[in-house]
Amino acid sequence: SFHPGTNVNMIRWYHIFVLDKEKDKPDAKIRFRVKWGKDIVAFNVGYRVEISKWNPDTQRVKNNTTHGAKKTPASVINREIGRFEMAADELIARYERDRKVPTKDQFRKAFKELIGGKDPDAISFFDVIEKFKKEEGSLHGWSHATIQKVDTMKKHLSAFNPDLTFGDLDEHGMSDFVSYLRSSDLRNTTILKMVSMLKWFMRYAVRMGATDNHAFEHFSSHLKTPEKVVIFLEWEELMRMYRFEFPESKKHLETARDMFCFQCFTSLRYSDLYNLKKSDLYDDCIKITTIKTADTIQIDLNDYSRAILDKYRDIEYPLGRALPVQSNQKMNDYIKQVAYLCGIDKPVSYTYYKGGNRITETKPKYELIGTHAGRRTFICNALMLGIPPDIVMKWTGHSDYKAMKPYIDIADQARKDAMNLFNKR
């Protein structure tokens, strides 16, 4: 049974050494468990011992025995057991003196600092991030972009505190992390996305039992963000790009142009365009399960999307792909060049915040065009052509009007501007 300790705020402490036995194995790890209230933490002492040479009454290995491949003497193992026991007693006495009851994370961190080492079995905060990336990424089929975002979050957390623990991320710790991100000259929108991803990770850690810290759930950063500017091609710009005749020196841009225009005529995200298979193509539509949301959608073909498919129909591509889609980075670079050649240079102003600073910049549209603009071009033009939002949502996979509202507002403004043309006659 556990050895009882002293009462702290009506909490009784216990600690015990036990063997972590495995089926059909003659030896086992020594585990040290500390219990108070409903909380239990466990540490690996760092030695495997032969079960037959363990005394459960004294919680020590029997004198004059050796253990493991290195024939570690009992005196060495028992000395380490004593060190763990003394460290726990000292830490418990400290909490009793301060009349504080720690969380599991707080006790675990303080104990490791006291014994001057790490629990070989304990998984670190950053190890859990890797586990999160591996397990959730595999389960939900994360895109390369999502994996990169997790890696970026991990990099910033490590720079913020290389010894970070779950217990550090209480509301004060979360606030300190946001302050660090602000000092890194990041935009508020970027910081908010990173905080959202960190909360996503923390929910996973709680679910997996890696922490009992729920403080993150109540944290809010209250950073200012502007209304998002939707970058898209107006119909005339889209037609100019679709029909553009490339000079011989720029023929290498034609495929990227076709792939981008296909997005503009179908609403496909880059990830779904890249993974589009010939088996997804039917006479009058495309049927896919989207990479990002796992929604199954059907997109009807129009004359433009059908013409692009016909152009590449008789060519075989790896893995049964339907189209010769380049990497996202290369496509983004090429699309900007295409937009420049097509004279899509209308000035676009956009605003962002860094901390409390409001910054407005103006750039020609071709500098802001990328694969992300293809889907937005489809939605905006479909709405401006008068196609009902609920029909557009069936093609795009949007589940509610909230996500569609920015596009509906653009279409409404376009109709208002068109009506104002009558006033100039």
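Here are a few exercises on this predicted model, each with a worked solution. Residues count from 1 along each chain as its sequence is written, and side-chain values use heavy atoms, with hydrogens and water left out. Since the model is predicted, local features need pLDDT of at least 70 and side-chain atom pairs count only at pLDDT 80 or more, while totals for chains, interfaces and linings use all residues.

**Exercise 1: two helices, α7 and α10**

Work out how α7 and α10 pack, and which residues meet there.

Step 1. Find the helices: α7 covers residues 235-242 and α10 covers residues 303-312. Helices (H or I, at least four residues) and strands (E, at least two) are DSSP runs, numbered from the N terminus.

Step 2. Take the geometry: the angle is about 20° and the axes are 13 Å apart. That makes α7 roughly parallel to α10. Angles under 35 degrees count as roughly parallel, over 145 as roughly antiparallel, 65 to 115 as roughly perpendicular and the rest as oblique. The axes themselves are lines fitted to C-alpha atoms, for helices over the stretch in contact, and angles run from 0 to 180 degrees between N-to-C directions.

Step 3. List the contacts (heavy atoms within 4.5 Å). From α7 come Trp235, Met239 and Tyr242, and they meet Tyr304, Ala307 and Ile308 of α10. The tally is 6 nonpolar, no polar and no charged. Here Ala, Val, Leu, Ile, Met, Phe, Trp, Tyr, Cys and Pro count as nonpolar, Asp, Glu, Lys and Arg as charged, and the others, Gly among them, as polar.

**Exercise 2: α3 against α6, and a look at Glu135**

Describe the packing of α3 and α6, then place Glu135 in it.

Step 1. Helix α6 spans residues 188-207, and α3 packs on it at about 95°, with the axes 10 Å apart. So α3 is roughly perpendicular to α6.

Step 2. Sort the contact residues: 9 are nonpolar, none polar and 4 charged. Glu135 in α3 is one of the residues in this contact, and Tyr204 is among those from α6.

Step 3. Zoom in on Glu135. Leaving out residues up to four places away in sequence, Glu135 touches Tyr204 and Met208. The C-alpha atoms of Glu135 and Tyr204 are separated by 10 Å, although the two are 69 residues apart along the chain.

Step 4. Is Glu135 buried, exposed or partly exposed? Its relative accessible area is 31%, so Glu135 is partly exposed. Buried means under 20% relative accessible area, exposed over 50%, partly exposed in between (1.4 Å probe, protein chains only).

**Exercise 3: the β11 and β12 hairpin**

Trace the pairing of β11 with β12 and check the turn.

Step 1. Strand β11 (residues 347-354) and strand β12 (residues 357-364) are antiparallel, with 8 bridges. Two strands pair if DSSP finds at least two bridges between them.

Step 2. Which residue in β12 is the bridge partner of Tyr350? Look across and you land on Glu361.

Step 3. Go to the turn: 2 residues sit between the strands, and Gly355 there has a positive phi of about 65°.

**Exercise 4: positive phi outside glycine**

Locate Asp24 and Leu319, and say whether they are buried or exposed.

Step 1. Most residues other than glycine have a negative phi. Asp24 has a positive value near 65°, and Leu319 has a positive one of about 60°.

Step 2. Asp24 lies in the loop between β2 and β3, whereas Leu319 is in the loop between α10 and α11.

Step 3. With 74% relative accessible area, Asp24 is exposed. Leu319, at 64%, is exposed too.
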